[in-house]
Amino acid sequence: MQEALAMTYLWLKAGHIIFMVFWMAGLFMLPRQMIYLHAAAAGSPESDLWAKRMGLLRKVILTPSLLVVWVLGLALAMTIGAWDQGWFHAKLLFVILLTGFHGIMVARSKKMIAGERPMSEKQLRIWGEFPGIALAIIVVLVIVKPF
């Protein structure tokens, strides 16, 4: 029985890491695509192409990966009993922040597709750095477990 639980843990962990990589790739790509859309005139063929790409990114990579990361992450937390560990609380905070970032960027990308420009290119570039910083912090929390 112990062996089966250990294998389940490893499969959950592998799946969590795989879909976290997909999700992070999407979070890195979306602001970049928004920058490219920013320069295109609303209703132009270039704008339509970026709108299509951003829609596919959201529907095929971002949202499904987000859901799988959460499901597998919560399953992992239950498996290892992480609920009372400080590093896990900190990691959970950053995952919640990344989820919020995801929602904000998806909403703003939809506004951009509709022709609005709610953020400047410079703001998009700055916001595009957040996933990398959050990822670095999360990895340190999970590997080092500083508290």
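The mean pLDDT of the chain is 95, and 99% of its residues reach 70 or more; pLDDT is the predictor's confidence in each residue, from 0 to 100. The model is predicted, with local features needing pLDDT of at least 70, side-chain atom pairs counting only at 80 or more, and totals for chains, interfaces and linings using all residues. Residues are numbered from 1 along each chain as its sequence is written.

The chain has five helices and zero strands (DSSP runs numbered from the N terminus: helices H or I of at least four residues, strands E of at least two). Among the elements, two mark the ends of the confidence range.

| Helix | Residues | Mean pLDDT |
|---|---|---|
| α1 | 2–39 | 93, the lowest |
| α5 | 130–144 | 98, the highest |

The axes of α3 and α5 come within 9 Å and cross at roughly 160°, with axes fitted to C-alpha atoms over the stretch in contact and angles running from 0 to 180 degrees between N-to-C directions. The two helices α3 and α5 are therefore roughly antiparallel (over 145 degrees).

The largest pocket has a volume of about 610 Å³, the space filled by probe spheres set on grid points joined across faces, edges and corners. A pocket is an open set of points on a 1 Å grid over the protein atoms alone, where a 1.4 Å probe fits, with protein on both sides within 12 Å along at least five of seven lines; lining residues have an atom within 4 Å of a point. Its lining has 27 residues, of which H16, L76, W87, K91 and V142 lie nearest the centre. Helices α1, α2 (45–80), α3 (86–113) and α5 each supply at least two lining residues.

Definitions and conventions:
Side-chain values use heavy atoms; hydrogens and water are left out. Angles under 35 degrees count as roughly parallel, over 145 as roughly antiparallel, 65 to 115 as roughly perpendicular and the rest as oblique.
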